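Here are a few exercises to work through with the structure open beside you. Try each task before you read its solution.

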Amino acid sequence: MTVSVTGATGFIGKRLVQRLLADNHNVRVLTRSKSKAQLIFPVKNFPGIIIAEEAGWKDCIEGSNAVVNLAGMPISTRWSPEIKKEIKQSRIRVTSKVVDLINNSPQGVRPTVLVSATAVGYYGTSETQVFDESSPSGNDYLAEVCREWEATALKVNKDVRLALIRIGVVLGKDGGALAKMIPLFMMFAGGPLGSGKQWFSWIHLEDIVNLIYEALSNPSYRGVINGTAPNPIRLSEMCDQLGNVMDRPSWLPVPDFALKAALGEGASVVREGQRVVPAKAKELGFPFKYRYVKDALKSILS
C-alpha cells in the first residue's frame, strides 16, 4: 500500500510511519518543513520514504492508496488568542487542502481511503455523562474546533471511505500528555491534577497507531470511531497508578495554577475531562493491547 501522511513528524505520526515501513508499505510524508522532516526521518534509517513540501503534495496524493491526516498544532500549549486561532486554522487548512487534492485527483489515481484525526474534545466536558460515537457535540472551544475539523473532512468525495478517529489523551514514551504530567507530578510529589474527579479518556500510543493502521485496510472502519481505551478512569486514579509505577506517593493535589502554567488553557482537557468509550472499536472487534491504564503506564515507564 502507498500511504501519504500529514502530521507525520508528530507524536502519533512518527510511530505510524515506522509501523507502515516495518510492514513494507510505501510512505509519503506531507510536511510544511522538509528540513524538519528529514531530521526525524533521516534517509539512512528510512530509505525509500518520500518527503514532500506543500507544492509536492498533489503528486504524492495522486497515486497513494490512502491518506492519513494527523496535522495540527498541539493543543497542550498555553493558549493566547493567536494560538487559539492557529490551533483551529492549522487543522482546518491542512484538512481542507488534503480533501481538495483527493477530490481533484483523476479517478484512476485517487486514494480510496482517508483516515482523518479529530479529538474527544468534540464532546465537551462532563463529570457525569458517558460519551460514545453517537453523543452530541459540546459547546466549548475545543468542541467547536473538532466540529469544524470533522466537517472539513466530510467534504471528501463520497467514493472515498472516510474514518474519523476521535483521539483521546495519548500515553507513550517521549511526548504527549505524559511528558508534561510527569514533571508536575515530581514537583508536587504526585497526587491528583485539579479536583481528581474529572474523567481521563486515554489510549496507549501503540493502540492508537494500530487503530489507524487497521482503519487503512479494513473496509468496516468508516465514519466516527473513538480512539480511546475501553476503561477511562478518573484523574485521581490515573495519578495513583502513576504514583505506583513511579514509586512515588500520590497524595498531594497538583494545584490548578501549576497545571495552567504547564498546559495553559489546553489544560482544560485534563482539568475538566470527559468519559469517552470506544463503542465502535469494540463492535469492530479491535484488539486493544492496553485496556487498563496500569498496564499502559508500566509498559511506558519501565
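**Exercise 1. Work out why strand 5 (113-119) of this predicted model counts as largely enclosed by the rest of the structure.**

Step 1: Go along the strand and count. Buried means under 20% relative accessible area, and 7 of the 7 residues of strand 5 are buried, so the strand is largely enclosed by the rest of the structure.

Step 2: Check the two faces. Val113, Val115, Ala117 and Ala119 are buried on one side, and Leu114, Ser116 and Thr118 are buried on the other.

Step 3: Look at the strands alongside. Strand 4 (66-69) runs parallel to strand 5, and 4 bridges join the two. Val68 has Val115 as its bridge partner there.

Step 4: Now turn to strand 7 (161-167), which also pairs with strand 5 in the parallel sense, over 7 bridges. Here Ser116 has Leu164 as its bridge partner.

**Exercise 2. Find the residues that touch the most other members of the largest nonpolar core, then say which element gives the largest share.**

Step 1: This core holds 48 residues, and the ones touching the most other members are Ile12, Val68, Val115, Ile165 and Ile208.

Step 2: List the elements that put two or more residues into the core. Among them are strand 1 (2-6), helix 1 (11-22), strand 5, helix 5 (141-153) and helix 7 (205-217). The largest share, 8 residues, comes from helix 7.

Step 3: Put the core in a wider setting. In soluble globular proteins, nonpolar side chains tend to be buried together. In this chain of 302 residues, 54% count as buried.

Step 4: Pick Ile165 and trace its contacts, skipping neighbours within four places in sequence. Ile165 meets Val115, Ser116, Ala117, Thr118 and Ala119, plus Ile208, Leu211, Ala215, Ile225 and Gly227.

**Exercise 3. Compare the span of helix 7 with the expected value, and list its buried residues.**

Step 1: Helix 7 has 13 residues, and at 1.5 Å a residue the expected span is 18 Å. From first C-alpha to last, the helix reaches 19 Å, close to that value.

Step 2: Its buried residues are Leu205, Asp207, Ile208, Val209, Leu211, Ile212, Tyr213, Ala215 and Leu216.

Step 3: To read that list, recall the geometry: an α-helix has 3.6 residues a turn, so residues three or four places apart point the same way.

**Exercise 4. Sort Leu30, Glu62 and Ser220 into buried or partly exposed, and place each one.**

Step 1: Leu30 is in strand 2 (26-30). Its relative accessibility is 3%, so it counts as buried. Beyond residues up to four places away, Leu30 touches Ser4, Val5, Thr6, Gly7, Ala52, Trp57, Cys60 and Ile61. Gly56 is 26 residues from Leu30 in sequence, with 8.1 Å between their C-alpha atoms.

Step 2: Glu62 is in the loop between helix 3 (57-61) and strand 4. At 18% relative accessibility, Glu62 counts as buried, because the cut-off is under 20%. With residues up to four places away left out, it touches Arg28, Asn104, Ser105, Pro106 and Val109.

Step 3: Ser220 sits in the loop between helix 7 and strand 11 (223-227). Its relative accessible area is 43%, so Ser220 is partly exposed. Ala163 is 57 residues away from Ser220 in sequence, and their C-alpha atoms are 9.5 Å apart.

Conventions:
Residues are numbered from 1 along each chain as its sequence is written. This is a predicted model: local features need pLDDT of at least 70, side-chain atom pairs count only at pLDDT 80 or more; totals for chains, interfaces and linings use all residues. Side-chain values use heavy atoms; hydrogens and water are left out. A nonpolar core is a set of buried Ala, Val, Leu, Ile, Met, Phe, Trp, Tyr and Cys residues joined through side-chain atoms within 4.5 Å. Buried means under 20% relative accessible area, exposed over 50%, partly exposed in between (1.4 Å probe, protein chains only). Contact means heavy atoms within 4.5 Å. Two strands pair if DSSP finds at least two bridges between them. The expected span of a helix is 1.5 Å times one less than its number of residues.
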